[in-house]
Amino acid sequence: MKINTITHIQPQIAKISFGTTGRYYKSENGEEFGTNSWLFRDDVDWERLAKYEKQHFCNKERVNIIQFASSDGSEAYTKIISLLENYPEKNAEKFFPIKAYDIDEEIVNAARSGYINTCLTDRMNLQINSDDYTKYFTDTTQKLNIKDDIKLQNQKTLKASNILRNRVQFERADMFNILANLNDNSDTILMCRNVLGYFENDAVERFVKITANKLKKGSLFIIGEHDTKNTFIDRFLKENHFMRIIKHVYQKL
Ligand SMILES: C[S@@+](CC[C@H](N)C(=O)[O-])C[C@H]1O[C@@H](n2cnc3c(N)ncnc32)[C@H](O)[C@@H]1O
């Protein structure tokens, strides 16, 4: 199903059963669809990406990570942890704070709370991808209630540490507006993952063309599997002077 704008709804039957968040929306033509997110979503090689970014931007004093469709913060936390954990001899501070935007107010408030709901896979992913994940998340008796979000078996709310919270800013915004005002100096990492896959191909192509005009040589554009599976985005990116350097990671030529 394809949409241009979304409205959040309460699902009749929850079909999503995995991730830190799972939500349902209704498209303009009334179709319901589900979205979810999770820690270390496995459609990108996070370790390889972090090492590439540190090498590729080694001459830059500052690198701007902009994250569209940032959801409950799981992706921002994944990015921060992978940059801190990989290639530690290269300092990661110039990549922070990440500027993270999502259009869903409820999910932005959840991200800002500093708490995150996790399922077993999330907690396993944290252990696999960090030396000591208690640096990043601690157990809590607090419960994060995100209105209309799915509830999973073995769900556990974790509290993000200041190591994470100080390195990301969450804001409610439509990615189209942020993109329109974006100024790049070949020092941008634009993450726009698993959202364009919900749009019609002509809207995706328009979005890619604007992105291609905004991003200068060397900047990165990162998408997800949901996008490549449901649209011709890989073709649109190549037609608009992006080169694929890692699966789902493109560099402006
Ligand atoms: C499937 S989630 C993707 C989350 C994360 N990027 C990932 O890959 O796991 C899609 C998110 O896109 C957000 N979204 C949809 N349209 C948007 C827009 N125009 N601007 C910003 N966020 C949007 C939704 O609110 C939802 O949180």
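# Questions about a predicted model

Guide: In this predicted model, strand β10 is joined to strand β11 (residues 220–222) by three bridges, and the two run parallel.

Visitor: What makes β10 and β11 a pair of strands?

Guide: Two strands pair when at least two bridges are found between them. Three bridges join β10 to β11, so the two strands pair. One of the links is that of Met-191, whose bridge partner in β11 is Ile-222. Between these strands the chain crosses from β10 through helix α7 (residues 201–214) to β11, in a right-handed β-α-β crossover.

Visitor: Why is β10 said to be largely enclosed by the rest of the structure?

Guide: A residue is buried if 20 or more other C-beta atoms lie within 10 Å of its own. Five of the five residues of β10 are buried, and the strand is therefore described as largely enclosed.

Visitor: Which residues of β10 point one way, and which the other way?

Guide: Thr-188, Leu-190 and Cys-192 point one way, whereas Ile-189 and Met-191 point the other way. The general rule is that side chains in a regular strand alternate between the two faces of the sheet.

Visitor: How do you know that β4 pairs with β10 (residues 188–192)?

Guide: The requirement is at least two bridges. Five bridges join β4 to β10, and the strands run parallel, so they count as paired. Among the partners in β10, Ile-189 is matched with Ile-65 and Met-191 with Gln-67.

Visitor: How many bridges pair β4 with β5, and in which sense?

Guide: β4 and β5 pair over three bridges, in the parallel sense. Gln-67 stands opposite Ala-100 in β5. From β4 the chain passes through α2 to β5, and this β-α-β crossover is right-handed.

Visitor: Why is strand β4 (residues 64–68) called largely enclosed?

Guide: Four of its five residues are buried, so β4 is largely enclosed by the rest of the structure.

Visitor: How do you know that the length of helix α2 (residues 74–85) agrees with the expected span?

Guide: The expected span is 1.5 Å times one less than the number of residues. For the 12 residues of α2 this gives 16 Å, and the end C-alpha atoms are 16 Å apart, so the two values agree.

Visitor: Why is α2 described as largely enclosed?

Guide: Of its 12 residues, 11 are buried, so α2 is largely enclosed by the rest of the structure. The buried residues include Glu-75, Tyr-77, Lys-79 and Leu-84. Just after the helix, Tyr-87 takes a positive phi of about 65°.

Visitor: Where does Pro-97 lie, and what is the form of the peptide bond from Phe-96 to Pro-97?

Guide: Pro-97 lies in the loop between α2 and β5. The bond leading to it from Phe-96 is cis, with omega near 0°.

Visitor: Why is Ala-69 called buried, whereas Ser-186 is called partly exposed?

Guide: The count of other C-beta atoms within 10 Å decides: 20 or more means buried, 12 or fewer means exposed, and values in between mean partly exposed. Ala-69 has 22 such atoms, so it is buried. Ser-186 has 13, so it is partly exposed. Ala-69 is found in the loop between β4 and α2, and Ser-186 in the loop between α6 and β10. Neither residue is a glycine, yet phi is positive in each: near 60° for Ala-69 and about 60° for Ser-186.

Visitor: How many residues surround the ligand, and which are the closest?

Guide: The ligand is surrounded by 20 residues, the closest being Thr-35, Ser-37, Ala-69, Asp-104 and Asn-194. β3 (32–37), β5 (98–102) and α6 (175–180) each supply at least two residues of this shell. By kind, the shell residues divide into nine nonpolar, five polar and six charged.

Visitor: Why does Asp-227 count as buried?

Guide: The threshold is 20, and Asp-227 has 23 C-beta neighbours inside 10 Å, so it counts as buried. This residue is placed in helix α8 (residues 225–230). Leaving aside residues up to four places away in sequence, Asp-227 touches Asn-194, Leu-196, Gly-197 and Ile-233.

Methods: Residues numbered from 1 in each chain as written. Predicted model: local features only at pLDDT ≥ 70, side-chain atom pairs only at ≥ 80, totals over all residues. Contact = placed C-beta atoms within 7 Å. Near = placed C-beta within 6 Å. Nonpolar A, V, L, I, M, F, W, Y, C, P; charged D, E, K, R; others polar. Right-handed = clockwise from strand over helix to strand, strands pointing away.
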